[in-house]
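Subject: A structure for you to look at

Hi there,

Here is the structure I promised to pass on. Please open it next to this email, and then read on for what turned up.

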Amino acid sequence: MNVSFFMELAKFGRIDSLSVCDNLGDHMVGHVYCKFFDEEQAADALNVLNGRYYDGRKLEVEFSPVTDFREARCRDYDEGGCSRGGFCNFMHIKPVPMALIRSLEEDVEDEIRREEYERRESRRRRDRDRDRRDRRDRGDRDRDRDRDRDRRERKRSRRDRSRSRSRDRDRKNQSRSRSPRSRSRSRDRSDTQ
């Protein structure tokens with residue numbers, strides 16, 4: 001059994017049993033039977049793996065109506081030797097040590113945890129960068145708003161100073177334009193009243 005194929009299958013969920021055929025007949029060569037603990041996980045594996053290429057060959061994945069392969073196994077092969085060899089019509093199942101399966105399951109679980117951690121870290125970095133951009137943009141908006149307010153205030157104060165200067169100038173001009181005689185007339189008028 002190819003370890004990487006087991007790892008690929010284990011990504012979909014916990015494997016209950018795995019049977020790899022060692023037959024040479026065209027109708028059985030390359031057959032792998034995988035039983036998942038959960039039917040939904042098996043459906044996910046079927047949907048994803050069907051039609052994909054693995055090791056240069058196209059996978060044809062389908063559900064098997066057989067759930068217990070005891071009757072389909074070659075008893076002669078299990079007892080040590082089949083007289084028909086690899087061309088037997090009963091399944092010659094390659095033995096897969098349970099220790100290897102458990103070890104591979106642990107590796108898959110570690111890989112899944114690592115991928116989840118990387119996704120969380122990527123999401124955290126993306127959120128942090130977005131927060132930084134938002135703060136920077138907010139800071140830019142605040143600076144722009146402050147700069148605009150400062151410009152308006154400077155413009156208003158210049159306008160006010162200009163107005164007050166022009167008022168002062170107008171007052172001075174008015175007081176200069178009055179002749180002393182007109183001032184005295186205005187005083188005379190105020191005295192007579």
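Is lysine 11 buried, partly exposed or exposed? Lysine 11 is partly exposed, with a relative accessible area of 41%. Those words have fixed cut-offs: buried means under 20% relative accessible area, exposed means over 50%, and partly exposed is in between (1.4 Å probe, protein chains only).

Before going further, please keep in mind that this is a predicted model, where local features need pLDDT of at least 70, side-chain atom pairs count only at pLDDT 80 or more, and totals for chains, interfaces and linings use all residues. Residues are numbered from 1 along each chain as its sequence is written, and side-chain values use heavy atoms, with hydrogens and water left out.

Let's begin with helix 1, which spans residues 3–10 (helices, H or I with at least four residues, and strands, E with at least two, are DSSP runs numbered from the N terminus). This helix is mostly covered, as 6 of its 8 residues are buried. The buried ones are Phe5, Phe6, Met7, Glu8, Leu9 and Ala10.

Now to the charged residues. Side chains of opposite charge can pair when their charged atoms come close. Searching the whole structure gives 8 salt bridges, each being a side-chain nitrogen of Lys or Arg within 4 Å of a carboxyl oxygen of Asp or Glu.

Lysine 11 takes part in one of them: its partner is glutamate 111, and their closest N and O atoms are 3.9 Å apart. Lysine 11 sits in the loop between helix 1 and strand 1 (15–20), while glutamate 111 belongs to helix 4 (residues 98–177), so this pair ties together parts that are 100 residues apart in sequence. Glutamate 111 is also partly exposed, at a relative accessible area of 23%.

Another salt bridge joins aspartate 16 to lysine 35, with 3.8 Å between the closest N and O atoms. Aspartate 16 is in strand 1 and lysine 35 in strand 2 (residues 32–36), so here the parts tied together are 19 residues apart in sequence. Both count as partly exposed: aspartate 16 has 32% relative accessibility and lysine 35 has 36%.

Within helix 4, glutamate 121 and arginine 124 meet in a salt bridge at 2.7 Å, N to O. These two are 3 residues apart in the helix, which means about one helical turn separates them. Glutamate 121 counts as buried at 18% relative accessibility, whereas arginine 124 is partly exposed at 43%.

Finally, salt bridges that share partners link Glu8, Lys11, Arg52 and Glu111 into one network.

Enjoy exploring!
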